[in-house]
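Me: Could you walk me through one part of this model up close? I'd like to start at the sheet and then see what sits around it.

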Amino acid sequence: MLRETKHHIYPVIDIMLEKACDELAQDNIEISCKAGCAHCCYQLVEVTWDEGLVMLDWILAQPVDKQAEVVARLRKNAAVAKTLFSKDKRSARMLKPIKGDQIVPDSVYDNYFHELQEPCPFLQLDDNRCMAYAARPTACRTHLVSSPSEICAPNFALDDDDDIEIPEAIEDLKEDVGDILNSLQPDDRWGHMSTMLLRMLVEEGAISEEEASIEGVLPEQVKSAADAETHVA
Ligand code: SF4
């Protein structure tokens with residue numbers, strides 16, 4: 001059954017975004033995001049527990065084979081992310097759901113994007129579309145850019161994102177929406193999307209701890225390279 005409270009917030013956020021985009025258009029600033037751009041889907045996406053519940057409902061509404069595919073994608077993504085998060089104490093907190101208002105340094109986000117170059121587990125690589133678009137979290141809804149869409153095209157250079165422009169009004173709106181989300185959530189856990197969703201699937205009883213485990217998920221050569229660099233402080 002869908003959780004009503006989680007679905008109430010997104011229509012409000014979408015209206016806020018629409019209004020902001022209309023106001024930008026009046027100043028001749030057009031949002032260039034469109035289906036098939038995928039630049040933002042390689043970034044570190046965080047979700048609150050409530051946002052994760054919307055995605056959990058989406059996963060549980062899929063046919064069994066699709067659910068299994070998504071779980072496999074989540075495990076792979078979490079395993080790849082672990083190679084980065086295990087590197088130091090500041091990012092190691094991302095290895096499990098985070099409680100409260102701990103700050104994750106900007107360098108973790110930069111390193112995730114530039115080092116891992118790992119697509120979001122919900123990104124369909126054949127058409128660069130989000131398979132869970134209706135349930136996508138706020139970070140994805142509010143990531144709207146005004147730079148030319150070619151920069152975000154499928155063949156973009158992942159090591160060059162300096163030309164991405166996010167209008168100031170959208171940045172302001174992100175802060176407002178963040179405040180709303182924080183004030184509404186009864187469970188204050190948040191964190192890396194795949195890590196959160198695997199935990200939620202276990203707590204929901206949809207999969208076992210063993211089925212959620214990311215041990216042994218990575219190909220041996222990736223694991224060896226990661227282990228050589230890993231040093232949790
Ligand atoms: S949830 Fe969808 S929109 Fe968000 S990063 Fe993943 S694929 Fe992209």
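In S5, which residue is the bridge partner of Glu46?

Reply: It's His192: that S5 residue is the bridge partner of Glu46. Before going further, keep in mind that this is a predicted model, so local features need pLDDT of at least 70 and side-chain atom pairs count only at pLDDT 80 or more, while totals for chains, interfaces and linings use all residues. Numbering starts from 1 along each chain, following the sequence as written.

Now the sheet. Three strands make it up, in the order S1-S5-S2, and it is open, with antiparallel pairing. A strand here is a DSSP run of E with at least two residues, a helix is a run of H or I with at least four, and both are numbered from the N terminus. Strands count as paired if DSSP finds at least two bridges between them. S1 and S5 pair over three bridges in the antiparallel sense, and the Glu46–His192 bridge belongs to that side. S2 pairs with S5 (residues 189-192) over two bridges, also in the antiparallel sense. There, Lys99 is opposite Arg189 of S5. Strands S1 (46-48) and S2 (98-99) are at the edges with a single partner strand each, so each has one side without a neighbour in the sheet. Overall, the protein has ten helices and five strands.

Next, the helices around it. H8 is a good place to go from here, since its buried residues pack against S1, H2, H3, S5 and helix H9 (209-212). Eight of the eleven H8 residues are buried, so the rest of the structure largely encloses this helix. "Buried" means 20 or more other C-beta atoms within 10 Å of the residue's own; 12 or fewer makes it exposed, anything in between partly exposed, and the C-beta atoms are placed from the backbone. The buried set in H8 is Met193, Ser194, Thr195, Met196, Leu197, Leu198, Met200 and Leu201. Just past H8, Gly205 has a positive phi of about 85°.

H2 is mostly covered too, with nine of its twelve residues buried. Those are Trp49, Asp50, Glu51, Gly52, Leu53, Val54, Met55, Leu56 and Ile59. From first C-alpha to last, H2 reaches 16 Å, close to the 16 Å expected at 1.5 Å a residue; that expected span is 1.5 Å times one less than the number of residues. Leu56 of H2 is worth clicking on: leaving aside residues up to four places away in sequence, Leu56 touches Leu197, Met200, Leu201 and Glu204. Touching, or contact, means C-beta atoms, placed from the backbone, within 7 Å.

That brings us to the core. The largest nonpolar core has 35 residues, and Met55, Leu56, Leu197 and Leu201 touch the most other members. Helices H2 (49-60), H3 (64-85), H5 (106-116) and H8 (193-203) are the elements giving two or more residues to this core, and H3 supplies the largest share, nine residues. The term covers buried Ala, Val, Leu, Ile, Met, Phe, Trp, Tyr and Cys residues joined through C-beta atoms within 7 Å. For the whole protein, buried residues make up 27% of the 233 residues. Among contacts between residues at least 6 apart in sequence, 80% join residues at least 24 apart.

A few loop residues are worth a look as well. Gln117 lies in the loop between H5 and strand S3 (123-124), and its phi is near 50°, a positive value in a residue other than glycine. Gln117 is exposed, with 11 other C-beta atoms within 10 Å. Asn128 is in the loop between S3 and strand S4 (129-130), with a positive phi near 55°. Asn128 has 17 C-beta neighbours inside 10 Å, so it counts as partly exposed. As background, most residues other than glycine have a negative phi.

Finally, the ligand. Its surroundings are Cys41, Val45, Cys120, Phe122, Leu123, Cys130, Ala132, Arg136 and Cys140, where being near means a C-beta atom, placed from the backbone, within 6 Å. That shell divides into eight nonpolar residues, no polar and one charged. In this scheme Ala, Val, Leu, Ile, Met, Phe, Trp, Tyr, Cys and Pro are nonpolar, Asp, Glu, Lys and Arg are charged, and the others, Gly among them, are polar.

Note on methods:
Contact = placed C-beta atoms within 7 Å.
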